[in-house]
Protein chains: 2
Amino acid sequence: MAKQRTYSQYAQEAAVLMGEQIKLGRKQRQWSEKNLADRAGISRTTLQKIENGEMSCAIGSVFEVATLVGVKLFEPDNLPLSKHIEHTRDKVALLPQRIKAKKKAVRDDF
Amino acid sequence: MAKQRTYSQYAQEAAVLMGEQIKLGRKQRQWSEKNLADRAGISRTTLQKIENGEMSCAIGSVFEVATLVGVKLFEPDNLPLSKHIEHTRDKVALLPQRIKAKKKAVRDDF
DNA sequence: GTAAAAAGACTGTTTAAATGGACATTAGAG
DNA sequence: CTCTAATGTCCATTTAAACAGTCTTTTTAC
């Protein structure tokens, strides 16, 4: 039996929600599974896994089908994603490039 | 040379933004790459790909590291994800189970 | 200034995802 | 009611991701 890894509940729910929103968007557009899979350049089996919230699919495939059916990704306001990227990169730039763990105090009282 | 598929710009920007937000959250927590990778149960190479916005990683890995560093997924309001799933499933339930394409009008005027 | 660890980049092997196809059931258009 | 295609489910093969490890550079703590 293949080893199965565990995920946190939050991560699992996010994948399930993503899948449900993709299924909703596809049905609202009246596209069949084959139709959407062909548009996204993936197989129908892969799309089924995505819509069922499986964790194993490539994020590129997931985001592509989400984009095609109009699921919004990371747009709490109406700024385009490129602006969000800019903002986040600015914040990252303010932090050290490497996270060096502080050395433990050496106890060599002998 | 490996065949490379194309993605829409929106999907690509979403993956880049996700990666940047994960990097920001990791640095804000002062975790090294190895530290976060270990916590998420993935390799350091995989985490590097995720933070660089590559499209090939499993969505489970991406969502897991995002969860660990506090990146919010699909929470425009403060409802828990389970509520969003419920709402979305209710909407899906109102639509037909299968999307049957309408038959093209048959022209048999001979 | 020094030492060590973090990060960047790469590689060969192992593991698993993606695929195309098959088959059965049944939902939905007409 | 009938017919067809959509969906569910499964499988063997192909393709690629994940991994552990290595090496180099340079950043950071002291």
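How many nonpolar, polar and charged residues make up the surface near DNA strand C? In this predicted model, that surface holds five nonpolar, 10 polar and nine charged residues. Altogether 24 residues surround DNA strand C, and the closest of them are A:Thr46, A:Arg98, B:Glu33, B:Gln97 and B:Arg98. Within 4 Å of the protein, 62% of the atoms of DNA strand C belong to sugar and phosphate.

Individual polar contacts give this picture some detail. On the backbone side of the strand, a phosphate oxygen of DNA strand C is 2.7 Å from a polar backbone atom of A:Ser43, and another contact places a polar side-chain atom of B:Arg26 3.2 Å from a phosphate oxygen of DNA strand C. A base is reached as well: an N or O atom in the side chain of B:Arg44 lies 3.1 Å from a base oxygen of DNA strand C. The elements that contribute two or more residues to this surface are α3 (44–51) of chain A and α3 (44–51) of chain B.

DNA strand D can be described in a similar way. It has 25 residues around it, of which A:Glu33, A:Gln48, A:Gln97, A:Arg98 and B:Arg98 come nearest. By class, the surface near DNA strand D divides into five nonpolar, 10 polar and 10 charged residues. Sugar or phosphate supplies 66% of the atoms of DNA strand D within 4 Å of the protein, and bases supply the rest. A polar backbone atom of A:Gln97 is 2.6 Å from a phosphate oxygen of DNA strand D. Two contacts involve bases: the side chain of A:Arg98 places an N or O atom 2.5 Å from a base oxygen of DNA strand D, while an N or O atom in the side chain of B:Thr45 is 3.4 Å from a base nitrogen of that strand. Here too, α3 of chain A and α3 of chain B each supply at least two residues of the surface.

Helix α3 of chain B also includes B:Leu47. This residue counts as buried because its relative accessibility is 0%. Beyond residues up to four places away in sequence, B:Leu47 touches B:Arg26, B:Glu33, B:Leu36, B:Ala37, B:Ile42 and B:Val65. With B:Ala37, which is 10 residues away along the chain, the C-alpha separation is 6.1 Å.

Turning to the interior, nonpolar side chains tend to be buried together in soluble globular proteins. The largest nonpolar core here has 55 residues, and those with the most contacts inside it are A:Ile22, A:Phe63, B:Ile22, B:Phe63 and B:Leu73. Leaving aside neighbours within four places in sequence, the contacts of B:Ile22 include B:Leu36, B:Ile50, B:Val62, B:Val65 and B:Val69.

A:Phe63 is also one of the buried residues of α4(A), among them A:Ile59, A:Val62 and A:Ala66. Helix α4 (residues 59–68) of chain A is mostly covered, with eight of its 10 residues buried. Within chain A, these buried residues pack against α1 (9–28), α2 (33–40) and α3, and in chain B they pack against α1 (9–28) and α4 (59–68). After α4(A) comes A:Gly70, with a positive phi near 85°.

Finally, how are the two chains related? A turn of 180° with a shift of 0.0 Å along the axis lays chain B on chain A with an RMSD of 0.1 Å. That is the relation of a two-fold axis. The copies meet through the same surface, because 100% of the interface residues of chain B are also interface residues in chain A.

Note on methods: Residues are numbered from 1 along each chain as its sequence is written. Chains are lettered from A and ligands numbered from 1 in the order in which they are written. This is a predicted model: local features need pLDDT of at least 70, side-chain atom pairs count only at pLDDT 80 or more; totals for chains, interfaces and linings use all residues. Side-chain values use heavy atoms; hydrogens and water are left out. A residue is near a molecule or strand if one of its heavy atoms lies within 4 Å of it. A polar contact is a pair of N or O atoms within 3.5 Å; within protein, one must be able to donate a hydrogen and the other to accept it, and residues adjacent in sequence count only if both atoms are side-chain atoms. Helices (H or I, at least four residues) and strands (E, at least two) are DSSP runs, numbered from the N terminus. Ala, Val, Leu, Ile, Met, Phe, Trp, Tyr, Cys and Pro count as nonpolar, Asp, Glu, Lys and Arg as charged, and the others, Gly among them, as polar. Buried means under 20% relative accessible area, exposed over 50%, partly exposed in between (1.4 Å probe, protein chains only). Contact means heavy atoms within 4.5 Å. A nonpolar core is a set of buried Ala, Val, Leu, Ile, Met, Phe, Trp, Tyr and Cys residues joined through side-chain atoms within 4.5 Å. Copies are superposed by least squares on the C-alpha atoms of residues with pLDDT of at least 70 in both.
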